[in-house]
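Colleague: Please take a close look at one part of this model for me. What does it pack against, and how does it sit in the rest of the fold?

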Amino acid sequence: MFNEYSNNKLTIFVISDSIGETAQRMIHATLSQFPDVAEVELKKFPYIQSEEELLQILERAKARSAIVVTTLVNPEFNRIGQAFAVEQDIPYVDYMSDLITIIQKRTHLKPILESGALRKLDEQYFKRIEAIEYSVKYDDGKHYDAIGEADALIVGVSRTSKTPLSMYLANKGYKVANIPLVPEVEIPDEVFKFKQLKVFGLTASPEYILNIRNERVKILGLHGPTNYNSVERIKSELRYAEEIFAKLNARVINTEYKSIEESAFYIEQFL
């Protein structure tokens, strides 16, 4: 069948009920093994919606002696396409059906048979990367210029898990900014202007924060009491934090002995 059309020029029809990007990736990977192919005409037929449309394209493929490559998740489209290809002796490659069937038999799970599922996965991936990049940039009050774009703003005193919580949520696709609350460092006025921001205030008891800060001081190789791990200082910071929580209309989360997952679950309920 293939010898009849064997030469160094190819016409390939890509047929899909989505964009057809999966087939294109496979074709390019395959063609890289044939550097001497002089010319490739790649014609794309995305978003196939009817049997009539599919058959018209297959008729054109037959007339052009084209290789047909499909990523059709619609079972009926696949049945029609494969039957036509056998009847008309068209080179036909179906990248989806066989593997879907094998996985279904092995896992005993039903495929969703949803067009564009890969594109949606890609969109989710890029959304997550964008969220991570945003959350890194807006970690610890480093930037404020686009803080209004945040899905969530987390505020709290040092050692209440602002950064770990921000990164955890970012990995789930949320843009999160976080600001440390220090009495001597004022929050820029622009932050208070974004009334639509969902703000979450992290807090804990002075004793709990003191224990964490004491461990932090040891890790840093410092000795003896400092302002950072003074219980009076911590109480002062927490009083200031409560004032900011009220100004920002923040939902307050006590992170004492809570896992990051527990705090994140609470926040996600409001996002």
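**Helix 9 and its surroundings**

Modeller: Asn249, just after helix 9, takes a positive phi of about 55 degrees. This is a predicted model: local features need pLDDT of at least 70, side-chain atom pairs count only at pLDDT 80 or more, and totals for chains, interfaces and linings use all residues. Residues are numbered from 1 along each chain as its sequence is written, and side-chain values use heavy atoms, with hydrogens and water left out.

Start with the helix itself. Helix 9 runs over residues 231-248, which makes 18 residues. Helices (H or I, at least four residues) and strands (E, at least two) are DSSP runs, numbered from the N terminus. From first C-alpha to last, helix 9 reaches 25 Å, close to the 26 Å expected at 1.5 Å a residue. That expected span is 1.5 Å times one less than the number of residues.

Now the two faces. Buried in helix 9 are Arg233, Ile234, Glu237, Leu238, Tyr240, Ala241, Ile244, Phe245 and Leu248. Why do they lie on the same side of helix 9? Because they cover an arc of only 170 degrees around the axis, taken from the directions from the helix axis to the C-beta atoms. An α-helix has 3.6 residues a turn, so residues three or four places apart point the same way. The face turned away from the buried side carries Glu232, Glu242, Ala246 and Lys247, which are exposed. Buried means under 20% relative accessible area, exposed over 50%, and partly exposed in between (1.4 Å probe, protein chains only).

Next, the partners. The buried residues of helix 9 pack against two helices and three strands: helix 7 (189-193), helix 8 (206-219), strand 5 (152-156), strand 7 (199-203) and strand 8 (251-254). Contact here means heavy atoms within 4.5 Å.

Last, the core. A nonpolar core is a set of buried Ala, Val, Leu, Ile, Met, Phe, Trp, Tyr and Cys residues joined through side-chain atoms within 4.5 Å. The largest one has 28 residues; Ile147, Leu153, Val155, Ile179, Leu181 and Val191 touch the most other members. Strand 5, strand 6 (176-180), helix 8 and helix 9 each give two or more residues to this core. Helix 9 supplies the largest share, 7 residues. Val155 touches Phe245 and Leu248, among others including Lys162, Ile179 and Phe200, not counting residues up to four places away in sequence. Apart from the largest core lies another, of 17 residues, among them Leu54, Leu72, Phe77 and Phe84.
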